[in-house]
Amino acid sequence: MIVTFTGGDKLEEDDEILLQYLDRCPKPLKEALKQCGNRQVLFDNKTEDPLMKGDQLRNLLLHVESKLREMGHIEAELAKERDARLEAEQIAKAALMHYEKTSHLLRESSDR
């Protein structure tokens, strides 16, 4: 999740920056920001400046891209863990079969 703030033009007019606002914002907003790793962007949706629009979009895309990379890393780690678990299950199954076979042979030899 990326929290997107609009009204960046109002923050500039009031000579206030986003981080100052976030220091005193309501607790539920602080919690939401914490849950999303403090990923937030500020948009001045009234600007006509194409450079500012491009910068705002690039900032948003950087957050999205970093999250996608993070997710790819997590997916790779999960795949490794899954493979290790499957290998451990196969080893345990083989050990159980060996135990059952050995146990059966011991019972047969003790019955004779």
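**Exercise 1. The two cysteines**

Why is the sulfur of Cys 36 not in a bond with the closest cysteine sulfur? Work it out from the coordinates, keeping in mind that this is a predicted model.

*Solution.*
- Step 1: Find the partner candidate. The cysteine sulfur closest to that of Cys 36 belongs to Cys 25.
- Step 2: Take the distance. The two sulfurs are 11 Å apart, which is too far for a bond.
- Step 3: Compare with the cut-off. A disulfide needs the sulfur atoms within 2.5 Å, so Cys 25 is in no disulfide.
- Step 4: Widen the search. Over the whole structure, zero disulfides turn up.
- Step 5: Look at the surroundings. Cys 36 is buried, at 1% relative accessibility, and Cys 25 is buried too, at 6%.

**Exercise 2. The nonpolar core**

Find the residues that make up the largest nonpolar core, and say which elements give two or more residues to it.

*Solution.*
- Step 1: List the members. There are nine in all: Val 3, Phe 5, Leu 11, Leu 18, Leu 22, Cys 25, Leu 29, Leu 33 and Cys 36. Both cysteines from the previous exercise are here.
- Step 2: Assign the elements. Strand 1, helix 2 and helix 3 (27–35) each supply two or more of these residues.
- Step 3: Check one member from elsewhere. Leu 11 lies in helix 1 and has a relative accessible area of 14%, so it counts as buried.
- Step 4: Set Leu 11 against a distant residue. Leu 61 is 50 residues away from Leu 11 in sequence, and their C-alpha atoms are 22 Å apart.

**Exercise 3. An aromatic pair**

Search the whole structure for aromatic pairs and describe the geometry of what you find.

*Solution.*
- Step 1: Run the search. It gives one pair.
- Step 2: Name the rings. Phe 5 and Tyr 21 are the partners, with 6.5 Å between their centres.
- Step 3: Classify the geometry. The planes stand at 80° to each other, and over 60 counts as edge-to-face, so that is the label for this pair.
- Step 4: Place the partners. Phe 5 is in strand 1 (residues 3–5) and Tyr 21 is in helix 2 (residues 18–23), so the pair ties together parts 16 residues apart in sequence.
- Step 5: Compare exposure. Phe 5 is buried at 14% relative accessibility, whereas Tyr 21 is partly exposed at 30%.

**Exercise 4. Contacts of Asp 9 and Gln 56**

Which residues do Asp 9 and Gln 56 touch, not counting residues up to four places away in sequence?

*Solution.*
- Step 1: Start with Asp 9, a residue of helix 1 (residues 8–13). At 10% relative accessibility, Asp 9 is buried.
- Step 2: Collect the contacts of Asp 9. They are Asp 44, Asn 45 and Lys 46.
- Step 3: Move to Gln 56 in helix 4. Its relative accessibility is 11%, so Gln 56 is buried as well.
- Step 4: Collect the contacts of Gln 56. They are Leu 42, Phe 43, Asp 44 and Thr 47. Asp 44 therefore appears in both contact lists.
- Step 5: Zoom in on Asp 44. Its backbone nitrogen is 2.5 Å from a polar side-chain atom of Gln 56.

**Exercise 5. Helix 4 and the loops**

Locate Glu 81, Asp 49 and Asn 38, and state one feature of each.

*Solution.*
- Step 1: Glu 81 sits in helix 4 (residues 50–111) and is exposed, with a relative accessible area of 52%. Between Glu 81 and Thr 47 there are 48 Å, C-alpha to C-alpha, for a separation of 34 residues in sequence.
- Step 2: Asp 49 belongs to the loop between strand 2 and helix 4. Asp 49 is partly exposed, at 36%. Its C-alpha is 19 Å from that of Ile 17, which is 32 residues away in sequence.
- Step 3: Asn 38 is in the loop between helix 3 and strand 2 (40–42). Its phi is near 55°, a positive value in a residue other than glycine. Most residues other than glycine have a negative phi.

**Exercise 6. Confidence**

Where in the protein chain is confidence lowest, and where is it highest?

*Solution.*
- Step 1: Begin with the chain as a whole. Its mean pLDDT is 87, with 95% of the residues at 70 or more.
- Step 2: Compare the elements. Helix 1 has the lowest mean, 71, and helix 3 the highest, 92.
- Step 3: Apply this to your reading. Where pLDDT is low, predicted coordinates should not be read in detail. Asp 9 and Leu 11 from the earlier exercises both lie in helix 1.

Terms used: Residues are numbered from 1 along each chain as its sequence is written. Side-chain values use heavy atoms; hydrogens and water are left out. Rings of Phe, Tyr and Trp (its six-membered ring) pair if their centres lie within 6.5 Å; planes under 30 degrees apart count as stacked, over 60 as edge-to-face and the rest as tilted. Helices (H or I, at least four residues) and strands (E, at least two) are DSSP runs, numbered from the N terminus. Buried means under 20% relative accessible area, exposed over 50%, partly exposed in between (1.4 Å probe, protein chains only). Contact means heavy atoms within 4.5 Å. A nonpolar core is a set of buried Ala, Val, Leu, Ile, Met, Phe, Trp, Tyr and Cys residues joined through side-chain atoms within 4.5 Å. pLDDT is the predictor's confidence in each residue, from 0 to 100. A polar contact is a pair of N or O atoms within 3.5 Å; within protein, one must be able to donate a hydrogen and the other to accept it, and residues adjacent in sequence count only if both atoms are side-chain atoms.
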